[in-house]
Amino acid sequence: MKSVIINADDFGYSPAVNAGIIKAYEDGILTSTTLMANMPGCDHAIALSKIHPGLGVGAHLTLTCGYSLTQGKTISQQGRFYNLKNYQLNRSKMDDEEIYEEWCTQIDYLLAHDVKLTHLDSHHHLHAFKENYEITLRIAQKYGLPFRNVNLLEDNLQLPYQKNVKGLLDLCNYPHIRDISHSFKSDQNACLNEIEAVLKKIGEGVTELMVHPAYVDETLYFQSSFNIARIKEVSLLCDEDVAQLFNKYQIQMCHYGTISGEKV
């Protein structure tokens, strides 16, 4: 049996991002999302998650976007995280314990607000960077949650609560889907071909598909270079022809909270 977790990153980034994600869940094929505890839309996202208990919600651990919840001195400048490029330049100077405490604080904030976490991942996949392996392992052990299996994470690190998710594929990061000079509907056939190419790669067992649906507000537009293109993902995930492609390949939908993790 082929199954997919369709997970939207960046829940909590802003109210407009939250609205796009909920639209893709309510009217589309989205099954899961991961929530950023340090971003302006976090509390709004938490409230939305309570209204939609069928949506799997994990934590999207952050070290390269927004502000630190712990104000760690080596991981941020005046409380603001480095961007990815500057994270890479400064990682060797960062205190691993500060990173661990920051990520724990983000998780604890969500748990304290009664978010029933299904799994963990991270902005820019930092949990799967080699220099963070030990931190990732400690967090998995502490919270008893699986991490997104990306960048050969499970081949390089033995984590105790994984759910045998085969790996991660990006569902939407392809030329026609990313082309904002055309709407999804006006370029639908080409976009569907790109989606179908991804679905043909899915084998038996559970695979995670990463998506970034969102509407756009000032927070997203001015703080992220990846902004307007996200609107097309909302349309795509809510399109009946896209849903039919999953049916064509006999792919079932799930999220981390609904799978057992038993090997296929």
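# Briefing: contacts, burial and a pocket in a predicted model

Leaving out neighbours within four places in sequence, Asp-239 is in contact with Phe-184, Lys-185 and Gln-188. Asp-239 sits in the loop between H10 and H11, and it is buried, with a relative accessible area of 7%. The structure is a predicted model. The points below cover two helices, single residues, backbone angles, cysteines and the largest pocket.

**Helix H8**

- Helix H8 covers residues 188-199, and its 12 residues should span 16 Å at 1.5 Å a residue.
- The C-alpha atoms at the two ends of H8 are 16 Å apart, which agrees with that expected span.
- Nine of the 12 residues of H8 are buried, so the helix is largely enclosed by the rest of the structure.
- Gln-188, which is one of the contacts of Asp-239, is also one of the buried residues of H8.
- The other buried residues of H8 are Ala-190, Cys-191, Leu-192, Glu-194, Ile-195, Glu-196, Val-198 and Leu-199.
- Among the elements that the buried residues of H8 pack against are three strands: S7 (165-170), S8 (205-211) and S9 (251-254).
- The buried residues of H8 also pack against helices H7 (175-178), H10 and H11 (240-248).

**Helix H10**

- Helix H10 runs over residues 230-237, and six of its eight residues are buried, so this helix too is largely enclosed by the rest of the structure.
- The buried residues of H10 include Val-234, Leu-236 and Leu-237.
- Arg-230, Lys-232 and Glu-233 are buried in H10 as well.

**Ala-214 and Tyr-221**

- Ala-214 is in the loop between S8 and helix H9 (218-223), and at 0% relative accessibility it counts as buried.
- Not counting residues up to four places away in sequence, Ala-214 touches Ala-16, Val-17, Gly-20, Leu-220, Arg-230, Ile-231 and Val-234.
- Two of these contacts, Arg-230 and Val-234, are among the buried residues of H10.
- Ala-214 and Ile-22 are 192 residues apart in sequence, while their C-alpha atoms are 9.0 Å apart in space.
- Tyr-221 lies in helix H9 and counts as partly exposed, at 42% relative accessibility.
- With neighbours within four places in sequence left aside, Tyr-221 is in contact with Val-216, Asn-227 and Ile-228.
- Tyr-221 and Tyr-249 are 28 residues apart along the chain, and their C-alpha atoms are separated by 36 Å.

**Backbone angles**

- Most residues other than glycine have a negative phi, and most peptide bonds are trans.
- Asp-10 is not a glycine, yet it has a positive phi of about 80°.
- Asp-10 lies in strand S1 and is buried, with a relative accessible area of 2%.
- Gln-78 is not a glycine either, and its phi is positive at about 50°.
- Gln-78 is in the loop between strand S4 (76-77) and S5, and at 81% relative accessibility it counts as exposed.

**Cysteines**

- A disulfide is a covalent bond between the sulfur atoms of two cysteines.
- The structure holds zero disulfides.
- Cys-104 is in no disulfide, and the nearest cysteine sulfur, that of Cys-42, is 16 Å away.
- A pair of cysteine sulfur atoms must be within 2.5 Å to count as a disulfide.
- Cys-104 is buried, with a relative accessible area of 4%.
- Cys-172 is in no disulfide either, and the nearest cysteine sulfur, that of Cys-191, is 9.0 Å away.
- Cys-172 is buried, with a relative accessible area of 0%, and Cys-191 is one of the buried residues of H8.

**The largest pocket**

- Rolling a probe the size of a water molecule over the atoms shows where empty space is left.
- The largest pocket has a volume of about 460 Å³.
- The largest pocket is lined by 24 residues, and the closest to its centre are Thr-64, Cys-65, His-123, His-124 and Ser-224.
- The elements that give two or more residues to the lining are strand S1 (2-11) and strand S5 (80-81).
- By class, the lining has seven nonpolar, 12 polar and five charged residues.

Notes. Residues are numbered from 1 along each chain as its sequence is written. This is a predicted model: local features need pLDDT of at least 70, side-chain atom pairs count only at pLDDT 80 or more; totals for chains, interfaces and linings use all residues. Side-chain values use heavy atoms; hydrogens and water are left out. On a 1 Å grid over the protein atoms alone, a cavity is a set of points where a 1.4 Å probe fits but cannot get out, and a pocket is an open set with protein on both sides within 12 Å along at least five of seven lines; lining residues have an atom within 4 Å of a point. Grid points are joined across faces, edges and corners, and a volume is the space filled by probe spheres set on the points. Helices (H or I, at least four residues) and strands (E, at least two) are DSSP runs, numbered from the N terminus. Ala, Val, Leu, Ile, Met, Phe, Trp, Tyr, Cys and Pro count as nonpolar, Asp, Glu, Lys and Arg as charged, and the others, Gly among them, as polar. Buried means under 20% relative accessible area, exposed over 50%, partly exposed in between (1.4 Å probe, protein chains only). The expected span of a helix is 1.5 Å times one less than its number of residues. Contact means heavy atoms within 4.5 Å.
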